Amino acid sequence: MSDPDAAVTELQRVANSPAHVGIMSYGRSGDRPLDDPAYDELLATAAGLGRPVFLHPQIPSNAVRDASYRGFDPTVELALATFGWGWHIEAGLAALRLILRGTFDRHPDLQIVLGHWGEMLLFALDRVDSLSNVATGLDRRVAEYFRTNIHIATSGMLTPRLLRHALDFTSVDRILLSGDYPFHRPDAAAVADFLGTLPDREDQRKVAYANAQALYHLEPSPSGSDDATARLLERS
């Protein structure tokens, strides 16, 4: 990603490989954010090939760390800048910048995935949507892109209240059950309990695996795997 032209070439090279289903990227490379015009060809190629972009959290830049995260014990400082807060702000901001840059207007088929229940954006989306009043040139309001171009992954945080909150802002078709290996490794019982909070069995199936199959153009599971999933859903 530090070389946008090379990234396009690599994406085209692997386009015909069934093993390649998408891109995982930080929201910036060095000081260049993903919404920089230098990446527009890459994002256009990803949209054309149907390759979603997973926006992975990254540690804030040194300048941001100096301004906002320093002054604590090194362990606390690092935690604050990463899993405690900074990671999620970085990823959420990257997604928001893509929206404000008009990326999804130029490339309406482009899909991105945000982990950790939307990397803080869903919790402030009512407020964030006020950017629509000053962001000239967008085809729609900021919040509307969450229903058309952004998918929300659970990242091992199987908390029913977070699911209920997410469904206030997006549809069940855009929720992806996911772990966060090796940090979060929920067992079958935890997954079943979480899915059981969805009253509709078809919605359970979508969140459990069907949404991911559709987004990543995955083939049906090998023989036996679907039966195992069915048994899991029966527990919910």
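Is Thr103 buried or exposed? At 1% relative accessibility, Thr103 counts as buried, because the cut-off for that label is anything under 20%. Keep in mind as you look around that this is a predicted model.

**Around helix α6**

Thr103 sits in helix α6. Its side chain doesn't just hang there: the side chain of Thr103 reaches the backbone oxygen of Leu98, at 2.9 Å.

Now look at Phe104. A search of the whole structure turns up two aromatic pairs, and one of them joins Phe104 and Tyr145. The ring centres are 6.2 Å apart and the planes make an angle of 35°, so this pair goes down as tilted, the label for angles that are neither under 30 degrees nor over 60. Why does this pair tie together separate parts of the chain? Phe104 belongs to helix α6 (residues 103–106), while Tyr145 is in the loop between α8 (125–128) and β6 (150–153), so the pair links parts that are 41 residues apart in sequence. Both Phe104 and Tyr145 are buried. Tyr145 has another partner too: Arg140 lies over the face of its ring, at 4.2 Å from the ring centre.

**A cavity and a pocket**

How many cavities of 30 Å³ or more does a search of the whole structure find? The search comes back with one, and its volume is about 40 Å³. Its lining is made up of Met1, Ile23, Ser25, Leu34, Leu42, Leu43, Ala46 and Val53. Two elements, β1 (23–25) and α2 (40–49), each give two or more residues to that lining, and α2 provides the largest share, with three residues.

The largest pocket holds about 210 Å³ of space. It is lined by 14 residues, and the ones nearest its centre are Arg28, Pro33, Glu90, Leu93 and Arg97. Here the elements giving two or more residues are β3 (32–33) and α5 (86–100). Helix α5 gives the largest share, four residues.

What classes of residue line the largest pocket? There are five nonpolar, three polar and six charged residues. For the largest cavity, the lining divides into seven nonpolar, one polar and no charged.

**Backbone surprises**

Most residues other than glycine have a negative phi, and most peptide bonds are trans. With that in mind, here are two residues whose phi is positive:

| Residue | Phi | Where | Relative accessibility |
|---|---|---|---|
| Trp117 | near 60° | helix α7 (residues 116–119) | 1%, buried |
| Ser155 | near 55° | loop between β6 and α9 (160–166) | 5%, buried |

Neither Trp117 nor Ser155 is a glycine, as the phi entries point out. Then there's a peptide bond to check: the one from Tyr181 to Pro182 is cis, with omega near 5°. You'll find Pro182 in the loop between β7 (175–176) and α10 (188–195).

**One more tyrosine**

Last stop: Tyr209, in helix α11 (residues 201–216). Is Tyr209 buried or partly exposed? With 21% relative accessibility, Tyr209 counts as partly exposed, because that label covers values from 20% to 50%. To get a feel for distance, compare Tyr209 with Leu11: they are 198 residues apart in sequence and 25 Å apart in space, going C-alpha to C-alpha.

How values were computed. Residues numbered from 1 in each chain as written. Predicted model: local features only at pLDDT ≥ 70, side-chain atom pairs only at ≥ 80, totals over all residues. Heavy atoms only, no water. 1 Å grid on protein atoms, 1.4 Å probe; cavity = no way out; pocket = protein on both sides within 12 Å on 5 of 7 lines; lining within 4 Å. Points joined across faces, edges and corners; volume = space filled by probe spheres on them. Nonpolar A, V, L, I, M, F, W, Y, C, P; charged D, E, K, R; others polar. Phe/Tyr/Trp six-rings, centres within 6.5 Å; stacked < 30°, edge-to-face > 60°. Buried < 20%, exposed > 50% of the residue type's maximum accessible area, 1.4 Å probe, protein only. Lys NZ or Arg CZ within 6 Å of the ring centre and 35° of its normal. Polar contact = N/O pair within 3.5 Å; in protein donor to acceptor, adjacent residues only side chain to side chain.
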